[in-house]
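Please load the model in a viewer and keep the selection panel at hand. The tour proceeds by helix pairs and then by pockets.

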Amino acid sequence: MKILLGITGGIAAYKSLELTRLFVKTGHQVQVVMTSGAKAFIQPLSFQALSGNPVRDSLFDCHQEAGMGHIELARWADQIVIAPASAETLAKLRMGRADDLLTTLCLATEKPIMVAPAMNRLMWSNKATQENVQILKQRGFEVLDPEEGKQACGEVGAGRMPEPQAIFEHTMNAQQQRQHLEQRLLDVRAFWQNRSILITAGPTIEDIDPVRFIGNRSSGKMGFALAEAAQKLGANVTLIAGPVQISSPPTIKRIDVRSADQMFHAVQQHYAGKDVFISAAAVADFKVAQKSVKKIKKQAQEEGLLLSLVKNVDIVAWVAEQENKPFVVGFAAETDHVLEYAKEKLKRKKLDAIIANEVGEGAKGFESNRNCVTLITKDGLQAFEEASKKQLGFQLLDAISSLGFNKTSVCN
Ligand code: CTP
């Protein structure tokens, strides 16, 4: 692996000599980049001797740039490790500054970045530093927890850089996990390649008169995330969408509908020959028995307005009853008894799988960009940690691909 090791200003910089040695000893290539603060603590020559490469420390040095330009250097690395990472560097990374070589490299790369903070305990626990760390984590940086103990400044607390061996092991484990994930992604992609999938998403709207309707709070985000993930995994995607304000890539065949009847009609036209049907739409259970052609006037309703509602077709249950049906996955959005109700729906609607999620006050579900779901089949359940709907889209398709169905068994 090609490791770009960033050293910033801190007394722990001396420990990074040992870290360099561990990387080199195990066959990795190391290119050290030092900030001016780091050079106040330790000589570049020591890192040069251990890494076997000249140390880079300047963004504007013609000689260094002539060897390998900073953008090339950012591309060269498989992994960036910053150890020690000072409070100043964390703040600069959070702000996206590029006023030295190291921060510029971090801005110019999509490669994984691991940071091992090291600083005085009060600097570490300061809200500013903690906020910087949180934001960096959200952006995908791996931030190692500093160790507790006696500090160089004489104080005792959290802020010591982890030992070189621990940083080395973290780096190796992170690489292994990435390789594992990449392999998994290839497998999932191979599974979905050229499979055809039908997804419904969003709410349906039931008109009362030309200006009023009955609707629900579904945003369509989960269904659209599944459609986009499926398309990225190589599937042929047909998306039947209720009224939502979300765009979709042109490679997804999208059919916009308004009411449950229209959605049912579209599903009837498109379910045949599909490998999988995912019913993520929040289909209205009822429609108005007699839609008024004209706007209903308030004045004419002395006693209040009584609406007569009739049941809509249960679309997912209908698909599940068809011969040559696809693999059918429903959703159960519940405010309470989530798993219990979802299992009951799985059975009653004769689904192959159901994705349960909690909705309502305080829950993620509707309208949110994040969700927390459980995939249930007759054989068991798989709970997913709270994640963005986009991430869950991939995770759910990965899990569905493991449920043991294939095109031939579906079609026979
Ligand atoms: N569904 C459907 N057609 C309907 C109602 C629901 O296809 N007319 C699908 C949804 O897309 C979802 C699953 O059925 O995949 C469960 O929907 P949900 O509204 O939770 O269940 P209901 O059967 O409507 O039960 P209730 O509203 O009483 O909880």
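Select helix 6 (residues 87-95) and helix 9 (residues 127-138), which pack at an angle of about 50° with their axes 9 Å apart. Here axes are lines fitted to C-alpha atoms, for helices over the stretch in contact, and angles run from 0 to 180 degrees between N-to-C directions. Helices (H or I, at least four residues) and strands (E, at least two) are DSSP runs numbered from the N terminus. Helix 6 is therefore oblique to helix 9; angles under 35 degrees count as roughly parallel, over 145 as roughly antiparallel, 65 to 115 as roughly perpendicular and the rest as oblique. Next, display A87, L90, A91, L93 and R94 of helix 6, which meet T129, E131, N132, V133, I135 and L136 of helix 9 (contact means heavy atoms within 4.5 Å). This contact comprises seven nonpolar, two polar and two charged residues, where Ala, Val, Leu, Ile, Met, Phe, Trp, Tyr, Cys and Pro count as nonpolar, Asp, Glu, Lys and Arg as charged, and the others, Gly among them, as polar.

The model is predicted: local features need pLDDT of at least 70, side-chain atom pairs count only at pLDDT 80 or more, and totals for chains, interfaces and linings use all residues. Residues are numbered from 1 along each chain as its sequence is written, and side-chain values use heavy atoms, with hydrogens and water left out.

Move to helix 11 (residues 221-232) and helix 15 (residues 389-401), whose axes are 8 Å apart at an angle of about 55°. The two are therefore oblique to each other. On the helix 11 side, the contact includes M222, A225 and L226; on the helix 15 side, L392, G393 and F394 are among the residues met. Nine nonpolar, one polar and five charged residues make up this contact.

Keep helix 15 selected and add helix 10 (164-192): both give two or more residues to the lining of the second largest pocket. Helix 10 supplies the largest share, six residues. The full lining to select is H180, L181, E182, R184, L185, V188, L233, K390, Q391, F394, Q395 and D398. Five of these residues are nonpolar, three polar and four charged.

Finally, centre the view on A281, A282, V283, D285 and F331, the closest to the centre of the largest pocket among its 41 lining residues. Strand 16 gives the largest share of that lining, four residues. The lining divides into 19 nonpolar, 14 polar and eight charged residues. A pocket is, on a 1 Å grid over the protein atoms alone, an open set of points where a 1.4 Å probe fits, with protein on both sides within 12 Å along at least five of seven lines; lining residues have an atom within 4 Å of a point.
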